[in-house]
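Here are a few short exercises to work through with the model open beside you. Try each task before reading its solution.

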Amino acid sequence: MRTLGNKIKIAHRGLWDKKIPENSLRAFQRCVDEGIPIELDVHVLKDGSLAVFHDDNLKRMTGKDVNINTLNRQDLDKYRLAGSDEKIPLLHEVFSLVRGRVLIDIELKSDVKSFRICRELVKLLDVYDGAFFVKSFNPLYIVWFRVFRPDYERGILVSNLKSDKLPKVAKWFLFHMYFNVLAKPDFIAFNKDDLPNKKIDKLRKKGVSIFLWTVRGDAVEYDYDGIIYENEERKS
């Protein structure tokens, strides 16, 4: 299912606020209820299960100093998100909740030093009946999907083009890595703080699909294909 080019607006980690945690089933249920596409983050656990969680460590969201890749699926029941009753969901639980009713934008976290996360993810995606993207900061993951699942829509995340702390060679790599002929992403997702940027403008004029993350507050004055946003009102 081809979904690019529709000015998609995607809820960053679901529709969450002070009462409903990010990357929780309740945050995703809100998206389904309102017909809003979901962005979520995926880690692979020690037993190969896929957990929906942003950080490498549980400290920020659960108060426990535990690295997520040391856990098995049954361990997740021990932790609750941000003082709520919500636990860290497994990806298959999210799929069972959504059931294809809204687009799911899946970010593969790059703390894993192998392609195991890709192999485990396709086991679920191959039988999932709904629209989705896969994306990552790790371009090698996108190469993997291009080779083994060329029909999946895939994107590369790029950031820090304006950082004064990065050497020029690092900036060049961050910007040009998507030119890798092995990856051939369907879209490139830039940090919205990298705007304005003449190089991004040139890409847009050439027909490259541009996504922006993470947008907060006022609408972006840019001819984007998609934005990943957080609604400030929901967090107040």
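**Exercise 1. How many salt bridges does a search of the whole structure find?**

Solution. Start with the criterion: a salt bridge is a side-chain nitrogen of Lys or Arg within 4 Å of a carboxyl oxygen of Asp or Glu. The search then returns 19 salt bridges. Before going on, note that this is a predicted model, where local features need pLDDT of at least 70 and side-chain atom pairs count only at pLDDT 80 or more, while totals for chains, interfaces and linings use all residues. Residues are numbered from 1 along each chain as its sequence is written, and side-chain values use heavy atoms, with hydrogens and water left out.

**Exercise 2. Which residue forms a salt bridge with Arg13, and where do the two partners lie?**

Solution. Step one: the partner is Asp41, with 3.9 Å between the closest N and O atoms. Step two: Arg13 sits in the loop between strand 1 (8-12) and helix 1 (25-34), and Asp41 in strand 2 (residues 38-44), so named because helices (H or I, at least four residues) and strands (E, at least two) are DSSP runs, numbered from the N terminus. The pair links distant parts of the chain, 28 residues apart. Step three: Arg13 and Asp41 are both buried, where buried means under 20% relative accessible area, exposed over 50%, and partly exposed in between (1.4 Å probe, protein chains only).

**Exercise 3. Why does the salt bridge of Arg30 and Asp17 tie together separate parts of the sequence?**

Solution. First find the contact: the closest N and O atoms of Arg30 and Asp17 are 3.0 Å apart. Arg30 belongs to helix 1 and Asp17 to the loop between strand 1 and helix 1, so the bridge ties together parts that are 13 residues apart in sequence. Now check the cover: Arg30 is partly exposed because its relative accessible area is 22%, and Asp17, at 15%, counts as buried.

**Exercise 4. Which residues do salt bridges with shared partners join into one network?**

Solution. Begin with one pair: Lys109 and Glu107 meet in a salt bridge at 3.2 Å, N to O, and both are buried. Following shared partners then gives one network of Arg13, Glu22, Asp41, Asp55, Arg60, Glu107 and Lys109.

**Exercise 5. Is strand 6 largely enclosed or not, and why?**

Solution. Count along the strand (residues 154-158): 5 of the 5 residues are buried, so strand 6 is largely enclosed by the rest of the structure. Next look at the side-chain directions: Arg154, Ile156 and Val158 point one way, Gly155 and Leu157 the other. Finally, find the neighbour: strand 5 (residues 132-136) runs parallel to strand 6 and is joined to it by 3 bridges, pairing being assigned if DSSP finds at least two bridges between strands. Val134 stands opposite Arg154.

**Exercise 6. What are the backbone angles at Asn23, Arg99 and the Leu195 to Pro196 bond?**

Solution. Recall the background: most residues other than glycine have a negative phi, and most peptide bonds are trans. Asn23 has a positive phi near 50° and, at 2% relative accessibility, counts as buried. Arg99 also has a positive phi, about 50°, but counts as exposed at 54%. The peptide bond from Leu195 to Pro196 is cis, with omega near -10°.
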